[in-house]
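Student: Could we go through this structure together? I'd like to try some questions on it.

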Amino acid sequence: MTHRKFSAFHFVNYFLLTLLIVICIIPILHVIALSFSQKIEAVAGHVGLIPVGFNLEAYRYVMEDSQFWTSLGVTLLRVVIGVPVNIFLCVMTAYPLSKSNSRFHARTVFSWFFVFTMLFNGGQIPLYMVISKLGMINTIWALTLPGAMNVSYMILMLNFFRGIPTEVEDAAIIDGASQIKVLFRVFLPMSLPSLATIILFATVANWNVWMDGYIYMNTPDKYPLQTYLATKLMESKNNVETLMTPEQLARMELVSEKTIEAAQIFLAALPIMCVYPFLQKYYIKGIVVGSVKG
Amino acid sequence: MHKSVGKAAGSPRRLTIFKRELPLYIMLIPGVVFALVFNYLPMFGLVMAFQDFSPLRSFTGSEWVGIRNFQDMLALPTFWTVVRNTLFISVIKIILRLLVPLILALLLNEVLNNAFKRTAQTVFFLPYFLSWAVMGGVLRELFEYDGTVNAFLQSFGVDPVMFLGSNTWFPIIIIVSDVWKDMGYNMIIFLAAITNVDPALNESAALDGASRWQQIWHITLPTIRPIVVMLLVLSLGSVLSAGQEQIMLLYNPMVYESSDIIDTLVYRLGLVNHQWSLSAAVGMMKSVISFLLVVVSYRIATKYFDYQVF
Amino acid sequence: MKKYRWGAALLAAALLVTTAFSGCSGDTTASSGGGASSQADAASTGGTESTGGDSGSDLPVWQQPFEETVKLDVVIGWDSDPSIKEGTTPETNALRTVAKDLFNIELNFLWMVPNDQYSDKLAMQLSSGEIPDILMLDSAYFYEFLDSGYLRDLTSAYDEYASDQLKSTIDYFGDAPKTYSSRDGKLYGVPALLDTSESVAGLYYRSDWLEALDMEVPTDIDGVNDMLIALAKYGPTVNGGQSTAGLGSTSTVLNTNFALAAYFQCYGSYPNKWVMRDGQLVNGFMLDETLDALKGLKYLYDNGGLAPDFATWNSDQFEQRVTSDQVAATFGTYYIAAYPLNLNKDANHEAEWAEIDLATLGGSSKAAMNQVSINHFNVVTKDAPEYAEAALMKLLSLSLSANSNSTDDKTIYNGLDLPENGASIFFLPVYMYFPTPWEQYRENIWAAYEAQDPSGLQTAVEQEWYGYMNDYLTDGNDCENLGTAWGMYKSRLSEDMGIAIGLSTKNSGNYEPAYYYGPATTTEQRVSSTLNDLAVSFIVEYIMGQKTDADWESFRQSWYDLGGTDWTNEVNEQYNSIVNPQ
């Protein structure tokens, strides 16, 4: 092994990755700097990566904002309910569909049945009508169930399952295990990195979606956090130029809350940013699948 | 091969097969029910594309107009420019959104220092957490006429460039920033796939004198190829959506020529009065084209790579 | 502006009229509220002797409670309002409690969403066949509801239960608003009229910079152009070398605030307005004068008077640059002194802004004025409960009466109308604009300031403005909350800026009125966005030099071809049917 050549490569590699780290961390630093700055400096665009006129006003405001915490509760509930349902449906469908056609003859038909739903949809109004008929409006189910069957996660999981050699399944079946047992006792423990990936995606997705809060929730106290934040962000972005009524205009001057927005964005992203390091160990370690070729 | 076996067999054999596979069918039931209720049932809404839809009259009472909405769509003065822009931006995005995360994942995999590796992985995923509403503000501050980038250029004596008003630069900014923001997502998929590579293979290859590059080329890449092909086929499903939210936050009339896409145009046309039916017609056109692309690419993958994407 | 003085005499007279009216119509009108009529009878007996209207028993008809609770399913678009008690929502709105306690009306909110989500959410609900009992409809929906037979006749409820204030608000603008809201002589909606005459656009500029340049205030549009170019050149010498826009504008060039609509008007072109030419209504942007204005903009742009990157600005950029001394001038209505110019004052206390009255500029120009428009119609839908019509009138009357600009006696709300107690008229499901007597209020406040005695100021807004004015005029740039105090004073009260200019324009008569403010026509609903898009693109491309004078005619032709012709014809038809009813 030529040790020298490696270190030259590694030098370039570390340099490149460090550069990228800097580029990726800048927006977050900017948001943090804004949240600690004086309001007028933030509006005037004087804040870069370092707070100007350091103060904790914005955070004090958010801490006292009861709606922020109510919405955080809704989001947590949504994640706690939504992610397991997501994952359950995902693995339950991915497992049969990961079989070869000789082991599951209807496989292709069902695959297309699911993929079709990724490409065609009826739009917002009919979905609202269905959810309304099911009596789910204004309940946590309207946020968690309609998107629970996520086909892209399923396809991802299906492809990971395929990496597991068929011999593993056969051996378990000979030992008398049912398909369900094979899935939960054999396949899932062997797919921890991919499972961690899906859990991460499902958590982030459940955390970040905001449109459905407006559509299906009737009162603000039921909004998830990102919906509540979008309300705040939009208020100030609401096309100021077209506002016409004196009453609407009169509210504008009180609304420019750049620093508070920044504090809320940062606080809202903080918990979800901590999820990744937690799941990370499953990537670093990896799982030895065995020496049989898949 | 298995197909011919199935055909040759009589119905008792089919019954045996069905019985054997019954647990698999049962496992599919929850997923199928969810898809039927929340995806297939609302598809009756597709008829909106052939109606002059009004919410008050709803689906049963709205007037049927045949293909008028599609004719209206084609008659828009900038329709073909917009289709061209959409395809251009989205095809390049699709390619780079696969390539960049793949290279990143491979580079990260070569990092020996675990702390650095962990930090880098986490940080690369950070931009994905922030919404475009936030990112749009950051990008504007960077690229506006008196923004950070121009200040930097000017310190080298370069004349400032109107990045956000230039039909050359604007699409580049849109594409690069999109790839950068979401690169963590696919990177994680690739990292998970790379962990599936059997270390024993690499070890024995190293013993045979294969360099790191050769190991990557001959062992790692072939192992994750199915994942790459799969992501490619899936992204074809969104080839006519080039990122409405992102473009809407950054664009302006100066760059309509290069960066107005189907979704942003439809959004503007419905700004004053929501054009439900026109949006539905455009949506249906996008769905049909995407569906055809996915079917064709699925066939190609099956035939030439012997790999069923899903 | 009509004066809304609610002296004791007027009140008493009103009381007499309304109580007498309800007394005799109670048995003749089938739909009159049975629940309320006995109350009305009771009131009418006492009403004849009492003239002060100060005792609880002789309430005006609109304030009397229903005997049985009227339950209404309603919806609302709202944004949280920092000016009222923190955490107040439509459900906890104190005025909702007032409606329950005083009128026995129970408002059940089916849902509430931020304003910009309102129309989508409503569309979804209507599609599902669930229709709120009372609601606000924009003109497109109003006529559809009307044609489909979804609206209840409001005629008798309006006559009987609408407060005098509500009636005079609508009658003040003539018969047209009622005509637009009626079919076959029956009233189907209460039009919420938006009187925007005070918000005529002016040109706001950095007067401290103009002074430093030793320049005269221009008196014609050429002078304005020269001033803008000079200010752009001068800016960097005083703002730390930052790039400076002579005229600041956002990319939505046809808007009035921080955009260029008013610049076109300086040349006699009126975007977004219907103007009368040779007996026909014409879209104000299709006039030949528009090309002159475009030439002016091109001249301005080529000479640095308009920011080189103006077309990439959104309102955030505009706000940021104004605040950081990078904008020397901008067009806008009276309000912009209070936002966002006040942010500039906050960031730089030495900054000073003044306004040029566009009506006094020489040449072919006239100020553009929207005298009035119908923002929405308040309606009752077909399946609403009994007495919903009467309840609507009561709620609308309440909305006007509780408006902080109104001189109405607020003691009946037990102090609940105060924003600090969490009361907001914007959180009620129906809404009427209050025609504020600005001139009167300005006079009152100035008088109070000169006497240094605010005790005579009746309304909450007068007292609020007085406070700001007093702060600013006493302490100048050292006063507390400088930006807000300065902005309020400059926009509402000073003689040479803001509302004062709007009112003087109106009084001068030198303005181009908006002739048409009726319902959106069929073609308008379909093509107005397309045509607006076309116009904005053309303006930007012309200014940037990608389009020339030669392209103007073909632009105008395609504007007409893409639906402009039909739209124009429909507007003329509608207008004629109002002006010369058959």
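Tutor: Sure, one term to begin with: helices (H or I, at least four residues) and strands (E, at least two) are DSSP runs, numbered from the N terminus. This is a predicted model, where local features need pLDDT of at least 70, side-chain atom pairs count only at pLDDT 80 or more, and totals for chains, interfaces and linings use all residues. Residues are numbered from 1 along each chain as its sequence is written, while chains are lettered from A and ligands numbered from 1 in the order in which they are written.

Student: Where in chain C is D214(C) found?

Tutor: Look at the helices on either side of D214(C): helix 9 (207-213) and helix 10 (221-238) of chain C. Phi of D214(C) is near 60°, a positive value in a residue other than glycine. Its place is the loop between those two helices.

Student: Is D214(C) buried or exposed?

Tutor: Count C-beta atoms, placed from the backbone, within 10 Å of the residue's own: 20 or more others make it buried, 12 or fewer exposed, and anything in between partly exposed. D214(C) has 6 such neighbours, so it counts as exposed.

Student: And how does S58(B) count?

Tutor: S58(B) sits in helix 3 (residues 58-61) of chain B, and its phi is near 55°, which is positive although the residue is not glycine. Most residues other than glycine have a negative phi. Because S58(B) has 18 C-beta neighbours inside 10 Å, it counts as partly exposed.

Student: Which residue does a cis peptide bond join to Y339(C)?

Tutor: Most peptide bonds are trans. In this cis one, omega is about 10°. The partner lies in the loop between strand 11 (327-332) and helix 14 (341-347) of chain C. The residue joined to Y339(C) is P340(C).

Student: What share of the 294 residues of chain A count as buried?

Tutor: The secondary structure of chain A comes to 15 helices and 0 strands. Using the neighbour count from before, the buried share of chain A is 48%.

Student: How many nonpolar residues are on the side of chain B that touches chain A?

Tutor: Two residues are in contact if their C-beta atoms, placed from the backbone, lie within 7 Å, and this contact takes 64 residues from chain B and 70 residues from chain A. Helix 2 (residues 11-40) gives the largest share of chain B's side, 13 residues. Ala, Val, Leu, Ile, Met, Phe, Trp, Tyr, Cys and Pro count as nonpolar, Asp, Glu, Lys and Arg as charged, and the others, Gly among them, as polar. Chain B's side has 14 polar, 6 charged and, for your answer, 44 nonpolar residues.
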